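Q: Please take a close look at how the side chains in this protein pair with one another, beginning with a single charged residue and working inward. I would like one connected account that explains each step.

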Amino acid sequence: MAIPEMQSSAALSLLILLLPILLYISYHLGGTLTKKKPTTHGLKSHPLLGHLPAFLRNRHRFLDWSTELIVASPDQRMGFWIPGMRTGIVTANPADVDHVLRANFANYPKGEHATSMLRDFLGRGLFNSDGDQWLWQRKNASLQFTSRSLRRFVVDVVQAEVANRLLPLLRRNNAAGGGEAGVAVLDLQDVLERFAFDTICMVAFGHDPGCLADGGTLDEASSDFMHTFGEAQDLIVGRFLEPIEVSWKVKKWLNVGTERRLKKAIADVHAFAMDIVRARRRSASVDARDDVLSRFVASDDAHSDDEALRDIVLSFLIAGRETTSSALTWFFWLVSSRPDVVARIADEVRAARESAGTRAGEPFGFDALRGLHYLHAALTESMRLYPPVPIDSQSCAADDTLPDGTHVGAGWSVTYSAYAMGRLAAIWGEDCAEYRPERWLGEDGAFRPESPFRYTVFHAGPRMCLGKEMAYVQMKSIVASVLEEFVVDVKKKDAAGGVPEPEHVLSVTLRMKGGLPVQVRRRVVHGGAE
């Protein structure tokens with residue numbers, strides 16, 4: 001065959017392969033070009049391509065890129081349109097957040113676009129549903145989360161994980177290093193993720209995966225479900241970052257690449273969860289159990305078929321798997337260079353011990369944890385700068401207007417960025433980049449909460465996080481117990497001996513790239529170890 005004929009044949013083959021994508025883009029582009037599009041201060045929009053070139057250049061650093069644009073914008077938001085993908089805005093404007101999450105809540109559901117991308121994995125669970133289906137799950141979950149028995153159960157689960165697994169692990173690590181700094185190094189992010197997965201599995205469906213084993217060991221054999229769940233979660237998030245939306249659908253149809261891996265991971269997760277649901281259905285002791293799954297099974301509601309219960313459980317796993325571990329990883333990194341904050345936390349914990357008449361190493365009760373105001377402020381301030389869920393999106397159902405008159409079109413995505421909001425001087429003052437727990441304390445030293453529409457870490461409005469109180473119980477239990485007994489030294493140092501800001505990985509949560517390597521050593525008081 002002549003060279004020109006070969007080239008022509010190759011071009012034809014390529015055209016056939018690209019035809020579905022080209023038709024998809026053409027179909028969506030026709031409507032996009034005739035509709036009103038959002039603009040962004042300082043961001044160039046290209047004919048036909050919109051903001052696609054900028055998105056491709058900055059996809060790997062989307063959080064920092066969008067934050068830079070938002071901080072520089074007088075409107076505290078950025079707009080975008082990309083042919084074949086979505087049109088919408090990313091905002092850090094508290095007035096926008098209040099409008100979307102409360103004032104006009106009914107017009108901003110999750111939307112079919114987002115829920116369809118997650119449905120393979122999360123089905124129609126609490127975090128992937130709208131309308132009556134969401135309302136039923138929300139009401140039932142809210143009822144359960146306000147019960148004292150569930151609160152006691154959560155405290156008991158967390159205390160057991162701290163006392164029997166976390167603290168023994170840190171003590172073993174300290175002994176392995178001979179108590180000398182720089183010898184035994186531990187990835188604290190991995191440890192915290194294992195802790196969180198154990199506790200959320202116990203709370204959600206009464207199953208203990210044992211990712212941290214009794215006596216303080218890391219049980220890899222028991223961590224298969226955690227790793228498979230994490231793989232499915234990361235791969236499903238990858239769909240949202242595809243430059244051309246149809247590409248993941250093509251890969252799914254062909255069953256290749258990441259979609260092939262995702263299909264296998266989802267099948268394994270669903271089978272595991274469904275086995276637990278069916279076993280709980282058959283259990284004669286379901287009424288005597290305190291986990292969330294058992295409570296839903298006992299409710300005997302018409303909505304509660306096996307698949308619906310599976311989706312509910314997976315939603316809670318998503319909510320609790322990495323949120324507290326992400327928050328704590330960034331917290332321990334922040335305080336590693338702030339001995340003054342660590343000292344104040346240690347003093348507060350010591351005072352709480354004296355007031356309650358308990359000794360170091362004993363579990364903290366719910367009331368004792370609630371009284372740790374400075375620790376509460378230190379954690380809240382850490383999440384202001386490094387929110388576990390840095391962005392969240394809704395979909396605009398019908399044409400709307402934001403409080404300042406900005407048009408929002410039907411079908412647009414509206415994303416609010418807790419990460420960008422934490423870096424806005426208009427909200428937090430000129431010292432917004434500083435880690436300063438005192439900004440959350442009143443003159444009497446008591447914690448002062450902020451409007452959830454300015455501090456969106458736990459979301460706001462009708463979708464406000466139900467597990468907020470339980471998250472603080474877990475985080476405060478861990479920090480108080482660890483800092484009471486140990487000094488945590490971060491091992492990532494720069495040439496000057498400082499602790500540089502780690503890179504982050506954007507998944508469902510804000511994870512730390514490469515983990516958080518630390519060395520723990522026993523805290524020394526009055527010339528000797530406690």
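A: In this predicted model, E231 counts as partly exposed, because its relative accessibility of 32% lies between the 20% limit for buried and the 50% limit for exposed. E231 forms a salt bridge with R261, and the closest N and O atoms of the two are 3.4 Å apart. R261 is likewise partly exposed, with a relative accessible area of 44%. Side chains of opposite charge can pair when their charged atoms come close. E231 belongs to helix 9 (residues 224-238) and R261 to helix 11 (residues 257-282), so this salt bridge ties together parts that are 30 residues apart in sequence. The pair is one of 39 salt bridges in the structure.

Helix 11 takes part in another such link. R280 forms a salt bridge with D291, with 2.9 Å between the closest N and O atoms. Here R280 lies in helix 11, while D291 lies in the loop between helix 11 and helix 12 (292-299), so the pair ties together parts that are 11 residues apart in sequence. In this case R280 is buried, with a relative accessible area of 7%, and D291 is also buried, at 2% relative accessibility. A further example is the pair R310 and D311, whose side chains meet in a salt bridge at 2.9 Å from N to O. Both R310 and D311 are buried. Salt bridges may also join into a network, as they do for E381, R384, D431, R436 and R439.

Charged groups also meet aromatic rings. R353 lies over the face of F364, at 3.9 Å from the ring centre. R423 is placed over the face of Y419, at 3.7 Å from the ring centre.

The aromatic rings also pair with each other, and the count comes to 17 aromatic pairs. In one of them, W136 and F296 are arranged edge-to-face, with 6.0 Å from centre to centre and 70 degrees between the planes. W136 is in helix 6 (residues 131-145) and F296 is in helix 12, so the pair ties together parts that are 160 residues apart in sequence. W136 is buried, with a relative accessible area of 11%, and F296 is buried, with a relative accessible area of 2%. Another edge-to-face pair is formed by W330 and W333, at 6.0 Å from centre to centre and with 85 degrees between the planes. These two residues both lie in helix 14 (residues 323-335), three residues apart, which is about one turn of the helix. W330 counts as buried at 0% relative accessibility, and W333 is buried with a relative accessible area of 9%. In addition, F121, F197, F225, F229 and F272 form one aromatic cluster.

Two members of that cluster, F225 and F229, lead on to the nonpolar interior. Leaving aside neighbours within four places in sequence, L317 is in contact with F225 and F229, and also with I200, C201, A204 and F205. L317 is a member of the largest nonpolar core, which has 143 residues; L317, F331, F332 and I345 touch the most other members. Helix 7 (residues 148-176) gives the most to this core, with 11 residues. In soluble globular proteins, nonpolar side chains tend to be buried together.

Strands add another part of the picture. Strand 2 (residues 87-91) is mostly covered, for five of its five residues are buried. In a regular strand the side chains alternate between the two faces of the sheet. In strand 2, T87, I89 and T91 are on one side and G88 and V90 on the other, and all are buried, so both faces are covered. Strand 2 pairs with strand 1 (residues 77-81) in the antiparallel sense over five bridges, and V90 is the bridge partner of M78. With strand 9 (residues 413-417), strand 2 pairs in the parallel sense over four bridges; there I89 stands opposite V414.

Elsewhere, an open sheet of three strands has the order 3-13-10, with antiparallel pairing. Its edge strands are strand 3 (186-187) and strand 10 (486-490), each of which pairs on one side only. Strand 10 and strand 13 (residues 517-522) pair in the antiparallel sense over five bridges, and V518 in strand 13 is the bridge partner of V490.

Technical notes: Residues numbered from 1 in each chain as written. Predicted model: local features only at pLDDT ≥ 70, side-chain atom pairs only at ≥ 80, totals over all residues. Heavy atoms only, no water. Salt bridge = Lys/Arg side-chain N within 4 Å of Asp/Glu carboxyl O. Buried < 20%, exposed > 50% of the residue type's maximum accessible area, 1.4 Å probe, protein only. Pairing = 2+ DSSP bridges. Core = buried A, V, L, I, M, F, W, Y, C linked by side-chain atoms within 4.5 Å. Contact = heavy atoms within 4.5 Å. Phe/Tyr/Trp six-rings, centres within 6.5 Å; stacked < 30°, edge-to-face > 60°. Lys NZ or Arg CZ within 6 Å of the ring centre and 35° of its normal.
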